[in-house]
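Welcome! Please take a moment to turn the model around before reading on.

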Amino acid sequence: MTQHEVMSKLSEIIDETKTGVLATVDSDNNPHVRWMTPAVLRDREATVFAVTCPDFEKATHLKTNPHVDWMFQSRTLDRVVHVHGVVNVVDNPSLKNEVLEVLAPRLDVFWRVNCESSEFLVLDTVVEAAMYSEPLSNTRERITFN
């Protein structure tokens with residue numbers, strides 16, 4: 001499986017489920033996981049995007065340790081993608097607009113319970129490795145990204 005193929009499968013899962021689980025590590029090396037609303041932008045191949053508020057705990061974790069893991073699974077749990085990467089926390093108006101074009105319809109709850117729409121940051125996860133698996137057929141393949 002190529003990098004492009006695993007990112008295509010990841011994109012299919014995100015399009016279907018609209019969610020993923022993000023794991024970060026705090027300054028005491030304790031892991032934290034949370035549901036997120038991710039996106040893969042078609043012209044940015046090996047990257048997973050999400051948004052957060054500047055004062056959220058995960059933003060603090062990422063300043064200390066930018067290494068993260070993501071887990072994505074299909075609704076029927078027959079396809080799973082684990083992603084390991086490094087997050088860049090970005091406050092760039094152009095990238096914010098690009099990410100919002102894709103994510104805005106999915107962020108209803110985020111805006112109701114979180115920061116003002118002008119205060120958010122983009123989490124730009126550069127994928128270093130991914131594992132694609134199909135548990136029912138015992139298929140598993142690990143891909144390292146350049």
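What follows is a short walk from the whole chain down to one strand and one residue.

A word on the source: this is a predicted model, in which local features need pLDDT of at least 70 and side-chain atom pairs count only at pLDDT 80 or more, while totals for chains, interfaces and linings use all residues. Residues are numbered from 1 along each chain as its sequence is written, and side-chain values use heavy atoms, with hydrogens and water left out.

Let us begin with the overall layout. The protein chain holds four helices and seven strands; helices (H or I, at least four residues) and strands (E, at least two) are DSSP runs, numbered from the N terminus. Following the sequence, you meet them in the pattern α-β-β-β-α-β-β-α-α-β-β.

Now for the dimensions. Along the principal axes, the C-alpha atoms fill a box of roughly 45 × 35 × 30 Å. The radius of gyration of the protein chain is 15 Å, which agrees with the value near 15 Å for a compact globule because the chain has 146 residues. That radius is taken over C-alpha atoms, and the globule rule is 2.2 Å times the number of residues to the power 0.38.

How much of the chain is buried? Of the 146 residues, 43% are buried, meaning under 20% relative accessible area, where exposed is over 50% and partly exposed lies in between (1.4 Å probe, protein chains only). Contacts, meaning heavy atoms within 4.5 Å, also link distant parts of the sequence: among those between residues at least 6 apart, 67% join residues at least 24 apart.

Next, find strand β3, residues 47–52, where six of the six residues are buried. Both of its faces are covered: Thr 47, Phe 49 and Val 51 lie on one side, with Val 48, Ala 50 and Thr 52 on the other. The partner of β3 is strand β6 (residues 121–134), joined to β3 in the antiparallel sense over six bridges; two strands pair if DSSP finds at least two bridges between them. In this pairing, Thr 52 stands opposite Leu 121 in β6.

Finally, look at Phe 72, a residue of strand β4 (residues 67–73). Phe 72 counts as buried because its relative accessibility is 0%. Leaving aside residues up to four places away in sequence, Phe 72 touches several others, including Leu 10, Ile 13, Ile 14, Pro 38 and Val 83. Val 48 of β3 is also one of the residues that Phe 72 touches. Phe 72 and Ile 13 are 59 residues apart along the chain, with 6.9 Å between their C-alpha atoms.
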